[in-house]
Amino acid sequence: MALEGAVIFDADGTLADSLPPHVAFCRMMNEELKAGLLLPETSDLDGCRALAAAPMDNFLRRAGFAGSDVDTAVQRYERSFAEEFPVGLFDGVPAMLRMLVQARDQGLRMAVVSSNTSKNVRACLAQHSGPPLASCFEFIWGIDNAARSKAESLAHAAAEMGLTPQQIVYVGDTEKDARCAQACGMHFIGADWGGFEDMGRLASAAASAEGVEGLAPYTAVQSPSAVPAEALRLIQSSAKISPKNLSCDPRSPRSVEQGHAKPQSDALSPYDAAGWWSFLWFSWMTPLYDKKGEDLKLELDAEVAFADWSTPRR
């Protein structure tokens, strides 16, 4: 059964364990510029999260930098951050990407849309000692080669891939990520494994009776290993919905999940859905684990590389 859809990732706090290095950069600039700011230690997750913002100029302003100091720090950041503060991937991210690559033959695609620069994202992916992870993605967009607005870049990404927003899952670690994805009509998964914000707490608030104004409920997962199954579930759920009934209004992107769309007569039956999941599990998920369910065995085909478009189509 063909699977037409995509998983698009945020970078910082989702793929990349970059919050401590960003705070370390702020601490260095604080000393060089003699700004006299009181900044948290990089080991203080809550303190670091209090500074978190994107893009980097907003991060710096939240840390207390002002005026020309912000411009000076941004120039230094864009010029040499990747070299001065190497950023690694979260544990489990390479295995997650390899797991998703196994669904490529069924039509699943991947990309990155970040508020960082594509240069920094690629530098982070290159830190991995195994096969090149950048080849997992059709494109890697940042503020240096795509729109500065994340919502705009996500909309361009859907057009670039030739997919409807309902066929795409965005994975991110901030409320801004969630709102941008939902504004575009995309599914959203909250990365709750130590990123810039507590996405589990926000997900609980969004699902509560009081809710969070302007934010639809979403799923937060605590480990990268939980992303593939949840992402594929969301994509497959949209495949059962008639396109003519999908909401195109960005102000109500979750209307499908709220039950306002009716399936076509050719929608998947429960029997077909069960067969698809059985195929998915036994064909490429089961071989991922050893007897203890811990040792990932798949190897990424390093020779597969997608074309890298330097700028999005408008």
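1. A quick definition to start: a residue is called buried when its relative accessible area is under 20% and exposed when that area is over 50%, with partly exposed covering the values in between. Keep those cut-offs handy for the residues below. Also bear in mind that what you're looking at is a predicted model.

2. The overall picture. You'll find 11 helices and six strands in the chain. It runs to 314 residues, and 51% of them count as buried. The surface it exposes comes to about 14,700 Å², with carbon and sulfur atoms supplying 51% of that area. As for contacts, take those in the chain with a separation of 6 or more: residues 24 or more positions apart account for 72% of them.

3. Now the charged pairs. Side chains of opposite charge can pair when their charged atoms come close. In this model the count of salt bridges is 11. I've picked out three to look at.

4. Start with Asp10 and Lys150, whose side chains form a salt bridge with 3.0 Å from N to O. Asp10 sits in the loop between strand 1 (5–9) and helix 1 (19–32), while Lys150 belongs to helix 7 (residues 150–161), so this pair ties together parts that lie 140 residues apart in sequence. Neither end is out on show: Asp10 is buried because its relative accessibility is 4%, and Lys150 is buried too, at 5%.

5. Which residue does Lys150 also pair with, at 2.7 Å between the closest N and O atoms? That would be Asp177, again through a salt bridge. Here Lys150 in helix 7 is linked to Asp177 in helix 8 (residues 175–183), and the two are 27 residues apart, so to speak a link between distant parts of the chain. Asp177 is buried, as is Lys150.

6. Helix 8 has a salt bridge within itself as well. Glu175 and Arg179 are both in that helix, four residues apart, which is about one turn. Their side chains meet at 2.8 Å, N to O. Are these two buried or partly exposed? Glu175 has 26% relative accessibility and Arg179 has 29%. Buried would need a value under 20%, and exposed one over 50%, so both Glu175 and Arg179 come out as partly exposed.

7. Last, put the shared partner in context. Asp10, Lys150 and Asp177 are joined into one network by salt bridges that share partners. If you have the structure open, Lys150 is a good place to begin, with Asp10 and Asp177 as its partners.

Notes: Residues numbered from 1 in each chain as written. Predicted model: local features only at pLDDT ≥ 70, side-chain atom pairs only at ≥ 80, totals over all residues. Heavy atoms only, no water. Buried < 20%, exposed > 50% of the residue type's maximum accessible area, 1.4 Å probe, protein only. Contact = heavy atoms within 4.5 Å. Areas by Shrake-Rupley, 256 points an atom, 1.4 Å probe, with all protein chains shown as cover. Salt bridge = Lys/Arg side-chain N within 4 Å of Asp/Glu carboxyl O.
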